[in-house]
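Here is an informal walk through one protein chain, written for someone who would rather look at the model than at a list. Keep the structure open while you read.

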Amino acid sequence: MTDLTHRPSVLSASLSTLAASASLVAVALADTNALLVALPGVALVGGGALRGSTRLVSLGGLALTGGVVFAGLAGGGPEALLLGALGALLAWDVAEHGIGIGEHLGREARTARVELVHAAVTLLIGAVAAGVGYAVYRGIAGGQPMAALVFLLVGVVAAVAALRRRRAE
């Protein structure tokens, strides 16, 4: 019997880094100054996902979310903000899931299917939440930037709550 490495898989780390990069691109499209806030998030999420550090992943998710908020306050468009928030949420969740799998099964286990399904479901839930947030924005906000930010943040909170609920089941 071999000893487990108790480290996350490279697949989850790669997927979370890709999602963090997508969030960064969306933030850059919304407001280039927000890059300074969000850029460390990509390195923190990717590094934390590879090392198995939930603290680094959480800090990275916070930096990415901060970039979205900063871009929203600067008047970024709702589409880019929603994509940035979705990317940040996906990066954080996939990295956290990969760390959990690594702790329980080790890096050597064949977990690609589970990781891909988890990432796809998270993306689907996030896309639905983003769609609802965008529909609310288009229906109610009337082009007010601060109202858009509030609605976007409510959508992100709803997505996180749905993900936490799904994990608890």
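## Starting from a buried serine

Ser12 is buried, with just 2% relative accessible area. Bear in mind that this is a predicted model. Ser12 belongs to helix H1. Setting aside neighbours within four places in sequence, Ser12 is in contact with Val94, Gly98 and Glu115.

## The overall picture

Let's step back to the whole chain. The protein chain has six helices and zero strands, so reading along the sequence gives the pattern α-α-α-α-α-α. Of its 169 residues, 43% are buried. Among contacts with a separation of 6 or more, 76% join residues 24 or more positions apart. The chain exposes about 8,800 Å², with carbon and sulfur atoms supplying 68% of that area.

## How the helices pack

Three helix pairs are worth a look, and the table puts their geometry side by side.

| Helix pair | Axis distance | Crossing angle |
|---|---|---|
| H2 (residues 35-51) and H4 (residues 78-105) | within 9 Å | roughly 15° |
| H2 and H3 (residues 54-73) | 7 Å | about 160° |
| H1 and H4 | within 7 Å | roughly 165° |

Take H1 and H4 to begin with. Their axes cross at roughly 165°, and that makes H1 roughly antiparallel to H4. The crossing is left-handed. On the H1 side the contact includes Ser12, Leu15, Ser16 and Ala19, and on the H4 side it includes Val94, Ala95 and Gly98. Sorted by class, the residues of this contact are 14 nonpolar, six polar and no charged.

Now for H2 and H3. How do these two helices run relative to each other, parallel or antiparallel? With an angle of about 160° between them, H2 and H3 are roughly antiparallel. Their crossing is left-handed. Among the H2 residues that meet H3 are Val37, Ala38, Gly41 and Arg51, while the H3 residues include Leu56, Val57, Gly60 and Phe70. The contact of H2 with H3 counts twelve nonpolar, six polar and one charged residues.

H2 also packs on H4. Here the axes cross at roughly 15°, and H2 and H4 are therefore roughly parallel to each other. H2 passes H4 in a left-handed crossing. From H2 come Val45, Gly48 and Ala49, which meet Ala91, Ala95 and Ile99 of H4. That contact breaks down into five nonpolar, one polar and no charged residues. Val45, Gly48 and Ala49 turn up in the H2 contact with H3 too.

## A few more buried residues

Which residues does Pro8 touch, leaving aside its neighbours within four places in sequence? The list is Ala49, Leu50, Arg51, Gly52, Gly98, Ile99, Gly102 and Arg107. Pro8 sits in the segment before H1. At 2% relative accessibility, Pro8 counts as buried, because the cut-off is under 20%. Pro8 and Gly102 are 94 residues apart along the chain, yet their C-alpha atoms are separated by 3.9 Å.

Leu86 is part of helix H4. Leu86 is buried as well, at a relative accessible area of 14%. Its partners, not counting neighbours within four places in sequence, are Leu123, Gly126 and Ala127. Leu86 and Ala19 lie 67 residues apart in sequence, with 8.4 Å from C-alpha to C-alpha. Ala19 is itself one of the H1 residues that meet H4.

And Asp31: is this residue buried or exposed? Asp31 is buried, with a relative accessible area of 16%. You'll find Asp31 in the loop between helix H1 (10-30) and H2. Not counting residues up to four places away in sequence, Asp31 touches Phe70, Ala71 and Ala74. Phe70 is also among the H3 residues that meet H2.

## Back to the serine

Let's return to where we began. Ser12 is among the H1 residues that meet H4, and its own contacts include Val94 and Gly98. Both Val94 and Gly98 are on the H4 side of the H1 contact. Gly98 is in contact with Pro8 as well.

Key: Residues are numbered from 1 along each chain as its sequence is written. This is a predicted model: local features need pLDDT of at least 70, side-chain atom pairs count only at pLDDT 80 or more; totals for chains, interfaces and linings use all residues. Side-chain values use heavy atoms; hydrogens and water are left out. Helices (H or I, at least four residues) and strands (E, at least two) are DSSP runs, numbered from the N terminus. Buried means under 20% relative accessible area, exposed over 50%, partly exposed in between (1.4 Å probe, protein chains only). Contact means heavy atoms within 4.5 Å. Accessible areas come from the Shrake-Rupley method with a 1.4 Å probe; for residues, only the protein chains shown count as cover. Axes are lines fitted to C-alpha atoms, for helices over the stretch in contact, and angles run from 0 to 180 degrees between N-to-C directions. Angles under 35 degrees count as roughly parallel, over 145 as roughly antiparallel, 65 to 115 as roughly perpendicular and the rest as oblique. A crossing is left-handed if the near helix is turned anticlockwise from the far one by less than a right angle, and right-handed if clockwise. Ala, Val, Leu, Ile, Met, Phe, Trp, Tyr, Cys and Pro count as nonpolar, Asp, Glu, Lys and Arg as charged, and the others, Gly among them, as polar.
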